[in-house]
Amino acid sequence: MPASKLKVVVTRKLPAPVELRMKELFDARLNESDRPFSVEELAQAMQTADVLVPTVTDKIDGRLMARAGDQLRLIAQFGAGVDNIDVASAVQRGITVTNTPGVLTDDTADVAMALILAVPRRMHEGVQIMEAGKFDGWTPTWMMGRRLSGKRLGIIGMGRIGQAVARRARAFGMQIHYHNRKPVSSRIEESLEATYWDSLDQMLARMDIVSINCPHTPATFHLINARRLGLMKPEAYIINTARGEVIDEAALARAIRAGKIAGAGLDVFEREPAVNPELIGLPNVLLLPHMGSATIEGRTEMGEKVIINIKTFADGHRPPDRVIPAIL
């Protein structure tokens, strides 16, 4: 089928240049309202589209996949993570799944580093004090936070984003430690002066700040649970810009309120857009609305990758960002 005739359904509003290009190339149905699709709307789209372009907010499980029409041959995810898609079911039905890896590495790492800076230095608390008009002048012992230089940063997940966080943290004089399924190459370790920990438990017990940068998979669901939070030092902080499901949010709220850890910076949440109410309003918890990848440049590049994947597939070739279930 010629690419110009492909029926492409896009589930959320995308940057204007991306939508314009899609309309030029495909028979594109766009979501002008940006309202998330219901389950029935997703099913209808999958019954009529040749290509579905979903985002992380669209849950495409096996039951929904079973309702897809025979004409659906490509799910071109707008995003790097694909934990919202039952990729194995898709492949079984002959549906190719693609994503947009690598585009948002620096954007997400920037936000992770911003949280690493902001939480120990109590910047969130400082903003609240200023906005409430409670600043009465400088004193030697007021609003004291923690220095970053010399502190141990433990990175969980040393992929592209984890390495980008490490490079930024080194510039602030931090010591880099990491836990991964396997060590990175010796070249990368040496360039980052990074120490590998095979045992996550042992690493957590010795870190001053922990940054979560791993994907959400069945193996990483609640990887940071009450037991592991209990291993951390009471003066340690935890940062999450990856996926909310990696942390047991209720256990995190209990640990922070009990003073078992010093604070947290979160850009992602276990049940987005809902946030555990026990985390809201705490001065030592900085919450962001999943904005780690929210740059004009990054979102536009994501859309361009989606278009390349669709065009390559339509031309009868293997898309450059095809997702392989075996490596998830």
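**Aromatic pairs.** I searched the whole of this predicted model for aromatic pairs, and the search returned two. In one of them I find F135 and W142 with ring centres 5.9 Å apart and planes at 15°, so I enter this pair as stacked. I then looked up how far these residues are covered: F135 has a relative accessibility of 43% and counts as partly exposed, and W142, with a relative accessible area of 36%, is also partly exposed.

The rings of Y178 and Y196 have centres 5.2 Å apart and planes at 50°, so I enter the pair as tilted. This pair links distant parts of the chain, since Y178 belongs to strand β7 (residues 175-179) and Y196 to strand β8 (residues 194-196), with the two positions 18 residues apart in the numbering. For Y178 I note 0% relative accessibility, which makes the residue buried, whereas Y196 has a relative accessible area of 21% and is partly exposed; the cut-off for buried is under 20%.

**Helix α2.** Which residues of helix α2 (residues 39-48) are buried? I list L42, A43, A45 and M46. These residues cover an arc of only 160° around the axis, which puts them on the same side of α2. I also looked up what covers the buried residues of α2, and the elements include the strands β1 (7-10), β2 (27-29) and β3 (51-53), together with α3 (62-65).

**Q163.** I turned next to Q163, which I locate in helix α7 (residues 160-171). Is Q163 buried or exposed? With a relative accessibility of 17%, Q163 counts as buried. When I leave aside the neighbours within four places in sequence, I find Q163 in contact with M158, V184, I188 and L192.

**Strand β9.** In strand β9 (residues 209-212) I followed the side-chain directions: I209 and S211 point one way, V210 and I212 point the other way, and all of them are buried. I then looked up the pairing of the strand. Strand β6 (residues 152-156) runs parallel to β9 and is joined to it by four bridges, and I note I209 of β9 as the bridge partner of L153. Strand β10 (residues 237-240) pairs with β9 in the parallel sense, again over four bridges, and here I209 stands opposite Y237 of β10. I209 therefore enters my notes twice, as partner of L153 and as the residue opposite Y237, by DSSP bridge pairing. My last entry concerns the connection from β9 to β10: together with helix α10 (residues 226-231), these two strands make a right-handed β-α-β unit.

Key
Residues numbered from 1 in each chain as written. Predicted model: local features only at pLDDT ≥ 70, side-chain atom pairs only at ≥ 80, totals over all residues. Heavy atoms only, no water. Phe/Tyr/Trp six-rings, centres within 6.5 Å; stacked < 30°, edge-to-face > 60°. Buried < 20%, exposed > 50% of the residue type's maximum accessible area, 1.4 Å probe, protein only. Arc of directions from axis to C-beta. Contact = heavy atoms within 4.5 Å. Pairing = 2+ DSSP bridges. Right-handed = clockwise from strand over helix to strand, strands pointing away.
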